[in-house]
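Biologist: Please take me through the pockets of this model, and then through the loop residues that deserve a close look. Keep it brisk.

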Amino acid sequence: MRPFELLAPETVEDAVGSSGTFLAGGTTLVDLMKLNVLTPQQVLDINAVPLRGIDTVDGLRFGALERMADIAGHPGVYPAISRALLLSASQQIRNMASIGGNLMQRTRCSYFRDVAMPCNRRVPGSGCPAISGANRMHAVLGTSDSCVATHASDVAVALVALDARLRLVSEAGSRTVELGSFYRLPGDTPEVENDLRPGELIAEVVVPRLDWASNSTYVKVRDRQSYEFALCSAAVALRVEGSRVVDARVAAGGVATVPWRLPAVEEALRGAPATVAAFEEAAALAAEGARPLAANGFKTSLLRRTIVRALLELTEGSRA
């Protein structure tokens, strides 16, 4: 780790008025600094900044510094969000990591984290060895010839499915952006991962009220049950009346370069019977446009099965 200056602003104004890298829980930043993947000259510990609070009165509002564990265990948080947080990491990390930091975490691509290797996200124009190298964990959706790294956050998938927004603050004021459009596809500029502007800070996560999101879940498929990133995941909220699906929200993780909303699957589910056959027909649309690599072609079928599993979990649970 290289030397750096540590500052601890106590107000939003002081935080956004400084130049440096924000530190909250540090569960991603410190690791990357130890590896010399990130080498900030100035680090701003923002834990004293008043960006906390959980409000479930009309929709959901989370201060960006709220810890993952506190949100996951809070009454009124939609099940898909709570479950995504609980499946994200160990209890110790959930106690430390902030919701804002989780949404900003960097990819776990091994080439990105190894400074001896080229990586277009770390050094633009240096190449993407994952395309022809070890790529079992990499993306099949939203990829480009410059980058195939998956997005690491679990809860971002659930939040994108539920139309979450971010309130961002800077010296110029505040603005609100849809989380689904906040993340950038890699294209030719994979080093630009999101729409956060210089000096800007995530202040709050806002999830619009959706009464039937109480019938939601997050299914995560991984190589081991404890503390592992997703091979594939699905966040699903389902409104069922009688024996038919009235509305649906579906997003996928572990298979794309950003949290991947699936509007075609949602549309196919609306009005369909709540049956295995209908769920399989809708889920078959999930992998449209996929670009499998040598070692991750299994993810296209795994994605379909994961979505069906989530849908069955919601409908069979309600019937029981």
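Modeller: What follows covers the pockets, then three loop residues.

This is a predicted model. Start with the largest pocket. Its volume is about 1200 Å³. The lining is made up of 49 residues, and those closest to the centre are Thr-21, Phe-22, Met-104, Gln-105 and Arg-106. Four elements each give two or more residues to this lining: strand E2 (21-23), H2, H6 and strand E8 (201-207). By residue class, the lining of the largest pocket holds 23 nonpolar, 18 polar and eight charged residues.

Now the second largest pocket. Here the space is about 280 Å³. The lining counts 22 residues, with Arg-108, Met-137, Thr-150, Phe-229 and Ala-230 closest to the centre. Eight of the lining residues of the second largest pocket are nonpolar, ten are polar and four are charged.

Ala-230 leads on to the first loop residue. Asp-154 is in contact with Ala-230. Other contacts of Asp-154, leaving aside neighbours within four places in sequence, are Ala-84, Leu-87, Ser-88, Tyr-218 and Lys-220. Where does Asp-154 sit in the chain? It is in the loop between helix H6 (99-103) and helix H7 (155-161). H6 is also one of the elements that line the largest pocket. Is Asp-154 buried or exposed? Its relative accessible area is 4%, so Asp-154 counts as buried, the cut-off being under 20%.

Next comes the backbone. Most residues other than glycine have a negative phi. Two loop residues call for a look on that score.

Take Asn-36. Its phi is near 65 degrees, a positive value in a residue other than glycine. Asn-36 lies in the loop between helix H2 (29-34) and strand E3 (42-45). H2 is another of the elements that line the largest pocket. The relative accessibility of Asn-36 is 30%, so this residue is partly exposed, a class that runs between 20% and 50%.

Then Asp-163. Its phi is near 60 degrees, again positive and again in a residue other than glycine. Asp-163 lies in the loop between H7 and strand E6 (165-170). H7 also bounds the loop that holds Asp-154. Asp-163 has a relative accessibility of 29% and therefore counts as partly exposed.

To put the loop residues side by side: Asp-154 is buried, whereas Asn-36 and Asp-163 are partly exposed.

Notes:
Residues are numbered from 1 along each chain as its sequence is written. This is a predicted model: local features need pLDDT of at least 70, side-chain atom pairs count only at pLDDT 80 or more; totals for chains, interfaces and linings use all residues. Side-chain values use heavy atoms; hydrogens and water are left out. Buried means under 20% relative accessible area, exposed over 50%, partly exposed in between (1.4 Å probe, protein chains only). Contact means heavy atoms within 4.5 Å. On a 1 Å grid over the protein atoms alone, a cavity is a set of points where a 1.4 Å probe fits but cannot get out, and a pocket is an open set with protein on both sides within 12 Å along at least five of seven lines; lining residues have an atom within 4 Å of a point. Grid points are joined across faces, edges and corners, and a volume is the space filled by probe spheres set on the points. Ala, Val, Leu, Ile, Met, Phe, Trp, Tyr, Cys and Pro count as nonpolar, Asp, Glu, Lys and Arg as charged, and the others, Gly among them, as polar.
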